[in-house]
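Trainee: Could you take me through one part of this structure in detail? I'd like a close look at the nonpolar core and what sits around it.

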Amino acid sequence: QVQLVESGGGLVQAGGSLKLSCRAFGSIFSLSPMAWYRQVPGRERELVASSPSSLSTNYADSVKGRFTISRDDAKNTVTLQMNSLKPEDTAVYYCAQGSSWWNYRYLEVWGQGTLVTVSS
């Protein structure tokens with residue numbers, strides 16, 4: 001059984017930085033596409049960044065140049081470094097694993113979620 005455990009998140013002022021981490025248990029991590037999503041109440045879950053492999057990354061336009069996704073296959077960990085945070089980045093952030101990383105409806109393995117709050 002695959003389990004994803006997230007850490008990080010919290011409250012930060014606009015312009016600040018936070019780092020989220022997600023560690024995977026029970027999967028062949030190096031072969032697993034990973035992604036970070038976020039969700040605010042009343043809205044669909046939004047893809048923030050993905051790392052389909054150790055050689056590729058993708059970002060939502062809204063976070064390009066500010067967020068960086070990275071993975072350490074030796075530690076079964078994917079991180080999301082978030083810089084220049086804006087109030088509109090406030091959301092619950094989830095890491096996810098799956099071959100259909102681009103569509104949350106097709107993903108079955110999720111972390112527990114971690115709240116990021118950016119104050120203005």
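Mentor: Here is the core, with the overall chain before it and a few loop and strand residues after it.

Before we dig in, keep in mind that this is a predicted model, so to speak of a local feature takes pLDDT of at least 70, side-chain atom pairs count only at pLDDT 80 or more, and totals for chains, interfaces and linings use all residues. Residues are numbered from 1 along each chain as its sequence is written, and side-chain values use heavy atoms, with hydrogens and water left out.

The protein chain has eleven strands and zero helices; both are DSSP runs numbered from the N terminus, with at least two residues for a strand (E) and at least four for a helix (H or I). The radius of gyration is 13 Å, which agrees with the value near 14 Å for a compact globule of 120 residues. That radius is taken over C-alpha atoms, and the globule rule is 2.2 Å times the number of residues to the power 0.38. The C-alpha trace spans about 40 × 30 × 25 Å along its principal axes. Of the 120 residues, 44% count as buried, where buried means under 20% relative accessible area, exposed over 50%, and partly exposed in between, using a 1.4 Å probe and protein chains only.

Now for the core itself. A nonpolar core here is a set of buried Ala, Val, Leu, Ile, Met, Phe, Trp, Tyr and Cys residues joined through side-chain atoms within 4.5 Å. In the largest one, with 25 residues, the members that touch the most others are Trp36, Val48, Phe67, Leu80, Met82 and Tyr93. Two or more residues each come from strands E3 (18–25), E4 (34–39), E5 (46–53), E7 (67–72), E8 (77–82), E9 (91–97) and E11 (114–119). E3 gives the largest share, four residues. Apart from this core lies another, of five residues, including Ala35, Ala96, Trp101 and Leu107. As background, nonpolar side chains tend to be buried together in soluble globular proteins.

Phe67 is a good one to zoom in on. Setting aside residues up to four places away in sequence, Phe67 touches Arg38, Val48, Tyr59, Leu80, Gln81, Met82, Asn83, Leu85, Asp89 and Tyr93; a contact means heavy atoms within 4.5 Å.

Next, have a look at Trp102, in the loop between E9 and strand E10 (109–110). Trp102 counts as exposed because its relative accessible area is 52%. Beyond its neighbours within four places in sequence, Trp102 is in contact with Tyr37 and Leu47. Pro52 is 50 residues from Trp102 in sequence, with 9.5 Å between their C-alpha atoms.

Pro52 turns up again with Thr57: leaving aside neighbours within four places in sequence, Thr57 is in contact with Ser50, Pro52 and Ile69. Thr57 sits in strand E6 (residues 56–59) and is partly exposed, at 41% relative accessible area. Thr57 and Arg45 are twelve residues apart in sequence, and their C-alpha atoms are 19 Å apart.

Finally, check two loop residues by their backbone angles. Asn76, in the loop between E7 and E8, has a phi near 55°, a positive value in a residue other than glycine. Asn76 is partly exposed, since its relative accessibility is 23%. Ser84, in the loop between E8 and E9, also isn't a glycine and has a positive phi of about 50°. Ser84 counts as partly exposed because its relative accessible area is 40%.
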